[in-house]
Amino acid sequence: MSLTELTIADAAAGLRARKFSAVELVRAHTDAITALNPRLNAYITPTADAALQAASHADEALAKNEARPLTGIPLGIKDLFCTHGVRTTAASNILKNFVPPYESTVTANLLRDGAVFVGKTNLDEFAMGSANITSAFGPVENPWKRNGDAETKLVPGGSSGGSAAAVAAGLAMGATGTDTGGSIRQPAAYCGIVGLKPTYGRCSRFGTIAYASSLDQAGPMARSVRDCAIMLQSMAGFDPRDSTSVNCDVPDYSAAVGRSLKGLKVGIPAEYRAEGLSAEIEAAWQQGIEWLKAAGCEIVDVSLPHTKYGLATYYIVAPAECSSNLARYDGLRFGERVPGDTLDAMYEATRRAGFGPEVRRRIMMGTYVLSAGYYDAYYLKAQKVRSLIRRDFTESFQKVDVLLTPTAPTPAFAQGEKTDDPVQMYLNDIFTVPASMAGMPAMSVPVGLGATGLPLGLQLIGRPFDEETLLAAGSALENAAGFTHRPAIRAEGAK
Amino acid sequence: MSYTLEGRTGTWEIVVGLEVHAQVISHSKLFSGASASYGGEPNTHVSLVDAGFPGMLPVLNHECVAQAIRTGLGLRARINLESRFDRKNYFYADLPTGYQISQFTHPIVGEGTVEIELSDGTVRHIGITRLHMEQDAGKSMHDQDPTRSFIDLNRAGVALMEIVSEPDIRSPEEAGAYLRKLRQILRYLGTCDGNMEEGSMRADVNVSVRKAGEPFRTRCEIKNVNSIRYVMHAIEVEATRQIEVWEDGGEVDQETRLFDPSRNETRSLRSKEDAHDYRYFPDPDLLPLVVEQAWVDELERELPELPDDKRDRFIRQYGIPRYDASVLVAEQAIADYYEEVAKGRDARLAANWVTGDLFGALNRTGRSIQDTPISAQALGGMLDLMADGTINGKIAKEVFEDMLETGDSAADIVERKGLKQVTDTGAIDAAVADVLARNADKVEEYRGGKDRLFGFFVGQVMKAMAGKANPAIVNEALKKVL
């Protein structure tokens with residue numbers, strides 16, 4: 001099997017068994033990036049030289065039997081994580097030349113455990129988008145193609161579209177993502193990979209460029225549930241530099257993979273049978289229910305009555321926070337600057353040139369909902385609804401252990417679709433936003449292909465800090481589905 | 001008693017509330033590990049958090065929280081066990097993140113009170129509305145270059161306490177007394193150095209005027225006044241301006257103004273219409289601040305004795321007048337000095353020497369109690385020589401001046417100059433006889449009923465003995481002979 005088709009678990013075993021070296025493993029990926037990135041645009045900044053150097057250090061560690069869990073494993077890093085000495089853009093013009101003199105906690109944890117970074121992956125500008133078409137560095141192409149249509153370029157989902165496309169196409173064994181309203185799970189579903197958004201507070205936000213602080217959460221994206229468990233093991237943990245990170249033990253996630261589901265109660269929320277849910281996804285959902293039943297789960301109908309307010313609430317809370325979080329990009333201390341005759345003129349010119357239309361739209365929405373006279377009607381009300389959404393989940397989890405839903409209402413769509421009306425685009429996140437609003441952990445697992453040959457994902461939502469149950473149920477779905485499909489564009493045989 | 005201003009249409013009363021920004025004494029800033037110390041080359045006390053770099057997050061400094069709680073306790077205020085940090089959003093070059101983290105809706109300290117004492121002895125209580133923690137901004141420098149402004153972020157993120165008073169202040173004098181008292185409390189607590197020149201304490205002054213018995217009229221806020229004297233001037237100037245506006249048939253607009261001490265006037269900075277919309281909302285990077293009552297209790301137990309308590313104790317314990325007690329507790333160091341002098345001695349005499357001769361000498365030489373040339377032990381030593389009759393009060397003055405100059409102990413000076421008091425009755429009797437003999441006419445007058453002349457005889461005898469005679473023995477001897 002090609003080195004770019006291996007799972008992290010198999011590659012780690014192969015490295016230890018000296019079946020191949022870390023340099024060979026990493027070079028297979030950097031070569032694939034060279035070959036395919038011009039087309040997919042999954043990476044903004046490939047870092048082949050540094051990766052190969054790190055790989056040779058990894059080989060030295062392996063030779064001395066000093067390998068760490070991720071030693072020699074090539075990973076893609078969403079370009080929202082600050083990486084010491086490596087340009088970090090947030091896919092925005094305003095940071096197009098920004099080189100942080102510090103490392104995010106999540107990437108520092110991965111480096112500590114031996115991971116090799118092969119590049120910074122593309123995303124929607126400041127993680128704002130659901131199709132990876134708002135990047136200042138151009139859109140990312142989904143490596144999957146509709147049956148019999150090699151021409152139409154599909155979107156990879158967003159905002160972690162570069163990470164999803166890279167992992168799907170074999171340009172990385174795994175990648176970091178961040179998820180604010182579905183930015184890990186929806187692209188994972190669109191690209192046929194596994195994506196896990198941990199509980200809010202599980203991974204440190206220190207050094208990750210903020211979009212909406214009360215929602216942002218880093219998580220792993222990989223080609224198997226076990227690989228997500230391995231990556232999360234390294235990424236998770238308390239960080240005193242993030243006051244919202246939670247000081248509780250990190251369990252052995254890999255041990256949860258393959259765990260028996262006997263007696264597990266799985267909730268099926270009625271409200272997710274929403275309008276616009278495609279028949280093929282409805283069918284995949286039903287199939288997922290059957291598989292879990294067969295694995296020994298008890299299926300329970302539940303209700304999350306405030307689900308329908310999730311999206312509207314999200315589009316008040318997230319823009320409100322972003323309007324404040326992005327105020328620091330003013331051209332003064334770092335980032336791009338467009339001069340002006342006065343301070344205000346400089347701000348205006350800098351931010352007009354620096355931010356794309358979607359970012360500007362969200363800053364304006366957020367500024368509006370926080371302004372005097374509107375705060376109570378929008379922001380305050382949204383916070384109240386948010387607590388009702390959280391209560392829906394809390395009450396459900398008194399009856400069930402995990403929820404099963406579709407990840408997105410449709411499979412991947414074509415570039416250029418859904419761009420006339422921003423609300424159409426926002427509707428892609430309808431199933432992922434509620435868990436984000438509630439801070440619950442959630443994971444998307446690929447379960448099959450739809451009528452047009454595109455991957456479909458199902459979402460599992462768990463109790464706070466119970467990522468283990470997600471991994472256990474996710475691996476059951478993975479085993480039952482036997483999802484071995486690969487996208488049309490991939491590293492294997494690309495050279 | 002009450003302060004009023006006379007206008008054309010009658011008598012006006014002024015209403016003042018103060019918002020004091022007090023810089024917290026702490027090693028590091030409110031949300032970062034950078035040094036909070038004053039001075040330093042520009043931009044040398046700046047962390048990536050202070051400079052608002054991407055992905056940087058605030059982490060609350062618990063020492064600053066302790067300082068805020070101590071201050072709240074010192075203001076006899078309610079401590080809110082749960083408080084919250086909000087973001088106050090506005091763009092400015094010296095505000096790196098584009099928002100100031102402040103406690104807008106849920107401050108850590110609620111209502112309290114400060115007791116002030118006026119020059120006529122009146123005691124008033126000024127209500128405290130709240131105290132909250134917030135970050136300071138950096139400093140913009142517009143005078144370094146003709147075309148560019150420079151930014152120094154050393155101060156950006158330093159912890160401030162904003163202490164808001166009720167509109168209970170009714171005169172410039174009360175405003176001055178309030179600020180002095182607040183500064184005294186902060187210094188006792190060690191939570192703010194109260195140094196207005198360095199900007200570690202600044203005041204925003206809210207002023208309105210009204211006729212007696214009226215509800216409040218529109219107020220103006222005078223921003224960033226940086227001395228007590230200026231606060232007092234600004235109030236008077238602004239109240240006078242407002243009275244003119246009202247009496248000319250106009251309306252006072254609610255606005256922010258600046259006080260210009262060189263022209264002794266206030267000027268409009270921005271009107272209510274131009275006021276920023278700060279878009280306050282809870283900072284999602286920080287959890288609500290929850291403090292345990294047990295911790296508050298512990299901080300309260302460790303609190304130093306506060307000025308009002310100390311003053312009352314001095315009155316009680318040392319039997320000194322209220323005025324002297326107030327003067328002695330003005331600074332912790334003075335109070336400590338006094339207590340050391342008074343310990344085991346005549347406490348009233350000690351108070352007289354400290355508030356009289358010592359303060360006079362410090363004033364004259366431009367020194368503070370911290371660098372006094374006469375230590376408390378040295379002054380006490382001198383009082384001991386008076387108590388045991390080695391020197392009398394008159395000689396003591398001379399010894400004191402010598403101590404001031406040479407730093408020698410009182411005993412050494414008495415020894416060196418031979419100032420030991422004469423108690424030898426033979427010598428005194430001889431001097432008395434001599435003085436009476438030379439002033440036979442005065443003796444006649446005295447015996448004729450001119451009692452006042454007794455003091456003259458005492459003076460002459462003392463003079464004859466170079467001031468060293470024991471005054472009690474001299475009195476006795478004179479009485480006997482006369």
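Which residues of chain A does UniProt list for "domain: Amidase"? The answer, from an unreviewed entry, is residues 24-471. Keep in mind that we are looking at a predicted model.

Stay with that span for a moment. Helix makes up 38% of residues 24-471 of chain A, and strand makes up 14%. Now find the two ends. Their C-alpha atoms lie 30 Å apart.

Next, chain B. How is chain B divided? Domain 1 covers 5-298, domain 2 covers 307-417, and domain 3 covers 425-481. Take domain 2 and domain 3 of chain B. Their C-alpha centres lie 32 Å apart. These two domains do touch: 4 residues of domain 2 are in contact with 4 residues of domain 3. On the domain 2 side of that contact, we find 1 nonpolar residue, 2 polar residues and 1 charged residue.

Now put the chains together. How many residues does the contact take from each chain? Chain A puts in 33 residues, and chain B puts in 24 residues.

Where on chain A do we look? Three helices each supply at least two residues to the side that touches chain B. They are helix 10 (310-325), helix 11 (343-354) and helix 12 (357-370). Which helix of chain A gives the most to this side? Helix 10 does, with 3 residues.

Last point: the make-up of that side. On chain A, the residues touching chain B split into 16 nonpolar, 10 polar and 7 charged.

To recap: the Amidase span in chain A comes from UniProt, chain B has its three listed domains, and the two chains meet through 33 residues of chain A and 24 residues of chain B.

Note on methods:
Residues numbered from 1 in each chain as written. Chains lettered and ligands numbered in written order. Predicted model: local features only at pLDDT ≥ 70, side-chain atom pairs only at ≥ 80, totals over all residues. UniProt positions renumbered as here; feature names shortened; annotations may be inferred. Helix = DSSP H or I, 4+ residues; strand = E, 2+ residues; numbered from the N terminus. Domains from an automatic or database assignment. Contact = placed C-beta atoms within 7 Å. Nonpolar A, V, L, I, M, F, W, Y, C, P; charged D, E, K, R; others polar.
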